[in-house]
Amino acid sequence: GSVRLTSKGRQLLDHARKVLHAVDDFADASSEAHLIESTLRLGVTEMIVHTWLSDFLKALSTTLPYLHVELTVDLSVNLERELAARSIDLTLQNGPFRQQMSGQIPLGNYPLVWVAARDSGLRGIKNLTMDHIAAHPILTHSRDTLLYAETAAHFSRRKDLNVRLVPSSNLAACLHMTLNGMGVATLPAAMVRHELASGALIRVEYDWQPAPLEFSARFDADRAANFVAKAAKIARDLATAHSLGS
């Protein structure tokens with residue numbers, strides 16, 4: 001069965017939260033990192049994994065060395081659901097969002113680019129048209145993402161083309177299939193920076209791409225412990241540094 005607060009429990013709930021926040025404030029004021037010993041349930045999308053997650057976890061362990069992290073990597077729509085259900089404390093995810101959160105810190109925008117293998121036949125072609133792109137399988141994110149919806153809507157304008165969209169819940173799989181010459185893909189530029197620099201992939205100069213992915217650190221500011229907001233601010237600093245470094 002379910003468990004519910006009694007009427008007395010509901011009366012005491014706000015007082016209990018104030019006590020917990022006071023303990024958090026005491027730990028912060030002491031500047032003693034060892035007093036913050038807890039678990040952060042962190043949810044991130046795959047793009048974060050392939051860019052600055054490692055740097056974020058290192059910075060987190062330096063600032064809060066006794067904080068343990070439970071990591072979930074999933075689609076943004078699933079992370080939002082878990083955040084609302086309070087099974088995750090903090091998400092680093094891209095919009096759009098169905099629900100507003102009391103804690104939301106912008107992490108910046110991540111433009112998307114078209115990429116293909118060197119031997120795709122698209123190298124050096126100027127003024128690429130939809131016909132050039134549609135001649136290849138188009139590797140994109142899973143069906144319940146904005147990236148897929150925008151890509152599908154764009155190519156649906158040409159009913160005469162046999163457009164082959166290949167959705168995947170794993171962007172790394174899209175990247176590897178592109179490297180293997182299995183199609184063209186539109187991926188975050190930050191995710192394919194090394195492959196483009198090494199020449200393993202080429203940038204396809206098509207005049208349309210989906211809108212940049214807008215990322216935020218999201219949490220319940222009213223109920224979360226202070227270290228959750230602190231972790232969100234560390235994420236903001238790392239996202240800014242990564243953007244400037246790219």
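A residue counts as buried when its relative accessible area is under 20%, and by that criterion W114, at 1% relative accessibility, is buried in this predicted model. That tryptophan offers a convenient way into the fold, but the chain as a whole should be described before its individual residues are followed.

The chain is built from nine helices and ten strands. Buried residues account for 42% of its 246 residues, while the surface that the chain exposes amounts to about 13300 Å², of which carbon and sulfur atoms supply 52%. When contacts between residues at least 6 apart in sequence are considered, 79% of them join residues at least 24 apart.

The aromatic side chains give a view of how such distant parts of the chain are brought together. Five aromatic pairs are counted in the model. One of them is formed by W52 and F56, which meet edge-to-face, with 6.2 Å from centre to centre and 85 degrees between the planes. W52 has a relative accessible area of 0% and is therefore buried, and F56, likewise at 0% relative accessibility, also counts as buried. Another edge-to-face pair joins W114 and Y206, whose ring centres are 5.9 Å apart and whose planes make an angle of 80 degrees. This second pair links distant parts of the chain, since W114 belongs to strand β5 (residues 112–117) whereas Y206 lies in the loop between β9 (201–204) and β10 (213–219), 92 residues apart. Y206 counts as buried because its relative accessibility is 7%, which is under the 20% limit. W114 and Y206 do not stand alone, for together with F155 they form one aromatic cluster.

The strand that precedes the loop of Y206 can be followed next, beginning with L201, which is placed in strand β9. At 2% relative accessibility L201 falls under the 20% limit, so this leucine is buried. The C-alpha atoms of L201 and A117 are separated by 4.8 Å, although the two residues are 84 residues apart along the chain. Leaving aside residues up to four places away in sequence, L201 touches V115, A116 and A117, and its further contacts are L175, T178, L179, V192, E195 and L196.

A different kind of arrangement involving an aromatic ring is found at F97, where the charged end of R218 sits over the ring, 3.9 Å from its centre.

How values were computed: Residues are numbered from 1 along each chain as its sequence is written. This is a predicted model: local features need pLDDT of at least 70, side-chain atom pairs count only at pLDDT 80 or more; totals for chains, interfaces and linings use all residues. Side-chain values use heavy atoms; hydrogens and water are left out. Helices (H or I, at least four residues) and strands (E, at least two) are DSSP runs, numbered from the N terminus. Buried means under 20% relative accessible area, exposed over 50%, partly exposed in between (1.4 Å probe, protein chains only). Contact means heavy atoms within 4.5 Å. Accessible areas come from the Shrake-Rupley method with a 1.4 Å probe; for residues, only the protein chains shown count as cover. Rings of Phe, Tyr and Trp (its six-membered ring) pair if their centres lie within 6.5 Å; planes under 30 degrees apart count as stacked, over 60 as edge-to-face and the rest as tilted. A charge sits over a ring if NZ of Lys or CZ of Arg is within 6 Å of the ring centre and within 35 degrees of the ring normal.
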